[in-house]
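Visitor: Could you take me on a close look at the enclosed spaces inside this protein? I would like to know what lines them.

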Amino acid sequence: MSPEAAIAGLIAERLAERRVDDPPLVLGLCGAQGSGKSTVAARLAERFAGSAILSLDDLYLTRAERQRLARETHPLFATRGVPGTHDVALGIATLAAIARGEAAPLPRFDKAIDDRAPMSTWPNAPEHCELVIFEGWCVGARPEAEEALAAPLNRLEVDEDNDGIWRRYANAALATDYPALFDRLDMLVLMMPPDWPTVLRWRTQQEDALRRARGDGTGVMNDAQLARFVSHYERLTRHIWAEMPDRADLCLRLDQDRGLASWSVRDGRRLDEKWPGA
């Protein structure tokens, strides 16, 4: 069974339980960089008519807003991704509009210019949407305990956040701002790579593909830049792996090739080919 088929089975079961006048089912799909969650989300949307995809990556603050955050709080916030760099209110408003049955505009962020795309280019969710797939590397995450933040985790934190200002601000944002967004999830699926080195390897593969596509390598990171970049997300990713599996509706443990190695379902039922839609 593929990760996509496993998730589809759970979605089909949940959709079958819903009444005609219920709001759309909101699936939270959490997975580390390179785990294939965007591809899985797209395939799920093809399987289920009346679906919309909302990516956490499309909710980034504008470039100007992040630059101001970097000046006023910590330079590391110039890099998008960690809690504190998203427009949480925009995400809440988008999900609320979809829940009302509206053909709501779905935000889009243009990574090529490191800024939000013009609203005129945003696609719309279908009216009376039945399924929203909300995917992102830390969707559904919970904050760390304060004592866990004391010691730097990696070289980035040692060299650029030794006093902990950046990681504590991100953690505080996750504790105060993001619950109102993540509370809108009806179900949560976690896609877990085998280990942290695999995350870097998968992310390197993505960068290599981008380099081939662009030819001249413009805007593509070298190995050292990429290692530093993914270090921004290591702390929270490891925390997610430690605390989310026991509360996710479905936890999919991936193998080195992004295949499904093992799984667990929160209510203890067996996940097998008999699931509807699997």
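**The cavities and their linings**

Guide: Happy to! Let's begin with the second largest cavity, whose lining is made up of A32, Q33, W137, W196, V199, V230, Y233 and T237. Please keep in mind that this is a predicted model. Two helices, α8 (196-214) and α9, are the elements that each bring two or more residues to this lining. Of the two, α9 has the largest share, with 3 residues. Sorted by class, the lining holds 6 nonpolar and 2 polar residues, and no charged ones. The space these residues enclose has a volume of about 30 Å³.

Now for the other one. Searching the whole structure turns up 2 cavities of 30 Å³ or more, and the largest cavity contains about 140 Å³ of space. Its lining counts 14 residues, and P83, R167, A170, R235 and L236 are the ones closest to the centre. Here the helices α6 (165-176) and α9 (223-243) each contribute at least two residues to the lining. The top contributor is α6, which gives 5 residues. As for chemistry, the lining of the largest cavity divides into 8 nonpolar, 2 polar and 4 charged residues, whereas the lining of the second largest cavity has no charged residues.

If you are following along in the viewer, α9 is a handy landmark: this helix supplies at least two residues to the lining of the largest cavity, and α9 also gives 3 residues to the lining of the second largest cavity.

Conventions
Residues are numbered from 1 along each chain as its sequence is written. This is a predicted model: local features need pLDDT of at least 70, side-chain atom pairs count only at pLDDT 80 or more; totals for chains, interfaces and linings use all residues. Side-chain values use heavy atoms; hydrogens and water are left out. On a 1 Å grid over the protein atoms alone, a cavity is a set of points where a 1.4 Å probe fits but cannot get out, and a pocket is an open set with protein on both sides within 12 Å along at least five of seven lines; lining residues have an atom within 4 Å of a point. Grid points are joined across faces, edges and corners, and a volume is the space filled by probe spheres set on the points. Helices (H or I, at least four residues) and strands (E, at least two) are DSSP runs, numbered from the N terminus. Ala, Val, Leu, Ile, Met, Phe, Trp, Tyr, Cys and Pro count as nonpolar, Asp, Glu, Lys and Arg as charged, and the others, Gly among them, as polar.
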